[in-house]
Amino acid sequence: QLHAAGLQLTVDVATWSTIWNYPAIAATSMDRAISMGTYTSSDDSFTSQLTKLTNAFGPARSGAGLMTVNASSNDPLPLEEVSWRIASIQAANVPEIDIWSSPVPDEWLPLLRDFKANKPVRLLA
């Protein structure tokens, strides 16, 4: 019914509970699965969650969630880490980034604009 009204359905998903059965959700007519599993503290976990997302839903039906803080320490996510994560999302051909929570740091905006414009996101050191 949403599609008939010109609307789309997105579903927030994660791997920490069996409620999110990726194959079953992927078999529906939902438009995009947004990963909360990518709210992680480590690069390895982020990469693993991004891979699980794109393997289950395909890049075009995936959206990656980013937190503005480290999921374990609640410290602000360093800009170098943000650039790496956004570049990883871009390299996986995932078309959407969803951010939890606001405010989004001003320093993120050039990286997000590049992502939106399909310009290569530069890695910051």
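Two strands are said to pair if DSSP finds at least two bridges between them. With that in hand, here are the close-ups, all taken from a predicted model.

**Figure 1. The four-stranded sheet of the predicted model.** The strands follow the order E1-E2-E3-E4 in an open sheet, and their pairing is parallel. At the edges sit E1 and strand E4 (96-100), each of which pairs on one side only. From one strand to the next, the twist averages 30°. As a general reminder, strands of a sheet pair through backbone hydrogen bonds, in either a parallel or an antiparallel way.

**Figure 2. Strand E1 beside strand E2.** Here E1 (residues 10-13) and E2 run parallel and are joined by four bridges. To find your way along the pair, start at threonine 10, whose bridge partner in E2 is arginine 32. Valine 11 then stands opposite alanine 33 of E2.

**Figure 3. From strand E2 to strand E3 by way of a helix.** Three bridges pair E2 with E3 (residues 62-67) in the parallel sense. One landmark is serine 35, whose bridge partner in E3 is alanine 64. Between these two strands the chain passes through helix H2 (residues 43-57), making a right-handed β-α-β crossover.

**Figure 4. Side chains of strand E2.** In a regular strand, side chains alternate between the two faces of the sheet. E2 (residues 32-35) lets you look at this residue by residue: Arg32 and Ile34 point one way, while Ala33 and Ser35 point the other way. All of these residues are buried.

**Figure 5. Helices H2 and H3 against the sheet.** H2 lies across E1, E2 and E3, and runs at about 160° to E3. Helix H3 (residues 79-91) also packs on the sheet, where H3 touches E3 and E4. The direction of H3 makes about 175° with that of E3.

**Figure 6. Glutamate 81 in helix H3.** Is glutamate 81 buried or exposed? Its relative accessible area is 16%, and because buried means under 20%, glutamate 81 counts as buried. The side chain of glutamate 81 makes a polar contact of 2.8 Å with the side chain of arginine 85.

**Figure 7. Two asparagines with positive phi.** Most residues other than glycine have a negative phi. Asparagine 74, however, has a positive phi near 65°, and is placed in the loop between E3 and H3. Asparagine 93 has a positive phi of about 65° too, although it is not a glycine; asparagine 93 lies in the loop between H3 and E4. Are these asparagines buried or exposed? Exposed means over 50% relative accessible area, so asparagine 74 counts as exposed at 57%, and asparagine 93 does at 58%.

**Figure 8. Cis peptide bonds after strand E4.** Most peptide bonds are trans. Which residues does a cis bond with omega of about 10° join? They are tryptophan 100 and serine 101, and serine 101 is in the loop between E4 and helix H4 (109-116). Another cis peptide bond, with omega of about 5°, joins serine 102 to proline 103. Proline 103 is likewise found in the loop between E4 and H4.

**Figure 9. Confidence of the prediction.** The protein has a mean pLDDT of 95, with 100% of its residues at 70 or more. Confidence is highest in E2, at 98, and lowest in E4, at a mean of 96.

Conventions: Residues numbered from 1 in each chain as written. Predicted model: local features only at pLDDT ≥ 70, side-chain atom pairs only at ≥ 80, totals over all residues. Heavy atoms only, no water. Buried < 20%, exposed > 50% of the residue type's maximum accessible area, 1.4 Å probe, protein only. Right-handed = clockwise from strand over helix to strand, strands pointing away. Axes fitted to C-alpha atoms, helices over the stretch in contact; angles between N-to-C directions. Contact = heavy atoms within 4.5 Å. Polar contact = N/O pair within 3.5 Å; in protein donor to acceptor, adjacent residues only side chain to side chain. pLDDT = per-residue confidence, 0-100.
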